[in-house]
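User: Hi! I am new to reading protein models. Could you take me through this one step by step?

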Amino acid sequence: MNTATNQASRWLFPGRRAGQPARPDHLSALLGEIGIRVSAARGAAIRQQLLELPAPVVADALGYHDKTTSRLLRETGGTWSRYSAGNHTRSPAGWAPRGTLDG
């Protein structure tokens, strides 16, 4: 069973039990059978994320410690040298987009 044959499933990798995802150990075994080492794949995936996003963002999203992602970033040779953590959805006081100020 897969999502192509079971389009009603909400899981990318549906399990054998109705409404449940495939178990991580089962997926790991299947990947191992075709020659993919899960630990190496996981490491490659996080390093790729660090090349595309700031280390604190990746740490927060994946539940890693920010020092771990910073170390991995240095090892990877990423360019995110500075990142201001905090709420980036708010604008600074007194700031307005161009064309919205009266005057």
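Analyst: Happy to! A salt bridge is a side-chain nitrogen of Lys or Arg within 4 Å of a carboxyl oxygen of Asp or Glu. The model is predicted: local features need pLDDT of at least 70, side-chain atom pairs count only at pLDDT 80 or more, and totals for chains, interfaces and linings use all residues. Residues are numbered from 1 along each chain as its sequence is written, and side-chain values use heavy atoms, with hydrogens and water left out.

User: Which residue meets R23 in a salt bridge?

Analyst: R23 counts as exposed at 53% relative accessibility; exposed means over 50% relative accessible area, buried under 20%, and partly exposed in between (1.4 Å probe, protein chains only). Its partner is partly exposed, at 48%. The two side chains meet at 3.1 Å, N to O, and the partner is D25.

User: What pattern does the chain follow along the sequence?

Analyst: Helices (H or I, at least four residues) and strands (E, at least two) are DSSP runs, numbered from the N terminus. The chain has four helices and zero strands. Read along the sequence, the pattern is α-α-α-α.

User: Which residues make up the largest nonpolar core?

Analyst: A nonpolar core is a set of buried Ala, Val, Leu, Ile, Met, Phe, Trp, Tyr and Cys residues joined through side-chain atoms within 4.5 Å. In this model the largest one has six residues: I46, L50, A55, V58, L72 and L73. At least two of them come from each of helix 2 (38-52), helix 3 (55-62) and helix 4 (66-76). So the names you want are I46, L50, A55, V58, L72 and L73.

User: Why do the buried residues of helix 3 line one face of the helix?

Analyst: The buried residues in helix 3 are A55, V58 and A59. Seen down the helix axis, they fall within one arc, taken from the directions from the axis to the C-beta atoms, so they line one face. The face turned away from that buried side carries the exposed residues D60 and A61. The arc that holds the buried residues is 100 degrees.

User: How far apart in space are A55 and T69?

Analyst: A55 lies in helix 3 and is buried, with a relative accessible area of 4%. T69 has its place in helix 4 and counts as buried at 0% relative accessibility. Leaving aside neighbours within four places in sequence, A55 is in contact (heavy atoms within 4.5 Å) with L50, T69, S70 and L73. A55 and T69 are 14 residues apart in sequence, and their C-alpha to C-alpha distance is 5.3 Å.

User: Which residues do salt bridges that share partners join into one network?

Analyst: E75 and R71 both lie in helix 4, four residues apart, about one turn of the helix, and their salt bridge has its closest N and O atoms 2.9 Å apart. The side chains of E75 and R47 also meet in a salt bridge, at 3.3 Å, N to O. That pair links distant parts of the chain, with E75 in helix 4 and R47 in helix 2, 28 residues apart. The network made by these shared partners joins R47, R71 and E75.

User: Is I34 buried or exposed?

Analyst: You will find I34 in the loop between helix 1 (24-33) and helix 2. Its relative accessibility is 64%, so I34 counts as exposed.
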